[in-house]
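Visitor: I am new to protein structures and would like to learn what the usual words rest on. Could you show me one and let me ask about the terms?

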Amino acid sequence: MTDDKRMILIYHHDDNDGYCAAAIAGASYDRNEFDIKFVAINYGKESWSEGEIKAAEKVWLLDFTSDNMEEFVKVCGPKLIWVDHHKTAVEKFPDLWNSNSIPGIRSVEKAACILTWEFTHPENILPPAAVAYIGDKDLWKFEYSETRAFTAGFNLIVKTPDDPAWDVLLGSEYEDTVNNMISIGELLLKAQNYKLQKAFDRGVDYIFHNWKARLVNTTGNISELGEFIYRKPEYDIAIMWQAVEDMVVFSLRSDSGNPNSPDCAEIAQQYGGGGHKNAAGFQRKNMDFPRLLFK
């Protein structure tokens, strides 16, 4: 950071919705006047720092709610702008969620990237296609026929909120770039379907909280594999897991089109996690895998 620029600190959830929300927030500042620092953050493994918060002029918290939210709000003070849409956040911190003294938009009805766009564009400008697709995917609605293909292409090309691609995706001349991502995504989806079947075959059936589940070890295509599972009539819920350092990370998915499907957020919350009704997760810590393998 240069001495003559003020710093904007943007904490964002480490997923596409969080990347997009962070990119939108960053784009609302003049880079000639401000340095933007993006910090990815995850449930159960938070990385916010009181020192860097004190050094910032503004602090954004996007698509995320800290487990220590009261302390985080206190440290940030009037610097904080908070945008979130997770059901577990409003249930855990209702007073903060509804506080008029904390700027931002908090609503379970829309994805964080859509809420961030609305907050930074109060003149009611419609979000660009990329933002709409990312929001559609994050809420697992798929109201747009191109959402799946766009997401597959986007994931191959864009990895961070400061990727140069955002300059185009959030601008007015995004159509060619978006169409290119959709074309690439269509090819990737064909290959993905084969991989999903192979991953499914590795899994095991399981009764989880009295729901019929398929438990699968996987490190990628979490939501896609979840849908592949719960679309089958013999399953109510999909459980994907992977080992990350000393933790086992679990992801839960159920059918948003079925009002009687399991509430993933409610289940995840029992294990210290959170998320949405049909897409949530939690972690089990202190798993010593070498000792388990070579006891």
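Guide: Let us begin with helices and strands: these are DSSP runs, H or I of at least four residues for a helix and E of at least two for a strand, numbered from the N terminus. The model is predicted, so local features need pLDDT of at least 70 and side-chain atom pairs count only at pLDDT 80 or more, while totals for chains, interfaces and linings use all residues. Residues are numbered from 1 along each chain as its sequence is written, and side-chain values use heavy atoms, with hydrogens and water left out.

Visitor: Where does H13 lie?

Guide: H13 belongs to strand β1, residues 6-13.

Visitor: Why is H13 called buried?

Guide: Buried means under 20% relative accessible area, exposed means over 50%, and partly exposed is in between, using a 1.4 Å probe and protein chains only. H13 has a relative accessible area of 11%, so it counts as buried.

Visitor: What makes the link between the side chains of H13 and D63 a polar contact?

Guide: A polar contact is a pair of N or O atoms within 3.5 Å; within protein, one must be able to donate a hydrogen and the other to accept it, and residues adjacent in sequence count only if both atoms are side-chain atoms. The side chains of H13 and D63 are joined at 3.3 Å, so the distance meets that limit.

Visitor: What can you tell me about D63 itself?

Guide: D63 sits in the loop between β3 (58-62) and α3 (69-76). Its relative accessible area is 1%, so D63 is buried. D63 also has a positive phi of about 60°, although it is not a glycine.

Visitor: Is N210 buried or exposed?

Guide: N210 is exposed, because its relative accessibility is 74%. N210 is found in the loop between β5 (204-208) and β6 (211-217), and it has a positive phi of about 70° although it is not a glycine.

Visitor: Why is α7 said to be largely enclosed by the rest of the structure?

Guide: Ten of the ten residues of α7 are buried, so the description follows. Those buried residues pack against α1, α6 (112-120), α8, α9 (165-169), α10 (175-202) and α11. After α7 comes W140, with a positive phi near 60°.

Visitor: How do you know that D138 is buried?

Guide: D138 lies in helix α7, residues 129-138, and its relative accessibility is 18%, so it counts as buried.

Visitor: Which residues is D138 in contact with, leaving aside its neighbours within four places in sequence?

Guide: Contact means heavy atoms within 4.5 Å. By that rule D138 is in contact with D15, D17, H85, A111 and H276. D138 and D15 are 123 residues apart in sequence but 9.1 Å apart in space, C-alpha to C-alpha. The side chain of D138 makes a polar contact of 3.2 Å with the side chain of H85.

Visitor: What makes a space a pocket?

Guide: On a 1 Å grid over the protein atoms alone, a cavity is a set of points where a 1.4 Å probe fits but cannot get out, whereas a pocket is an open set with protein on both sides within 12 Å along at least five of seven lines; lining residues have an atom within 4 Å of a point. Grid points are joined across faces, edges and corners, and a volume is the space filled by probe spheres set on the points. The largest pocket has a volume of about 1400 Å³. It is lined by 46 residues, and the closest to its centre are H13, D14, D15, S251 and R253.
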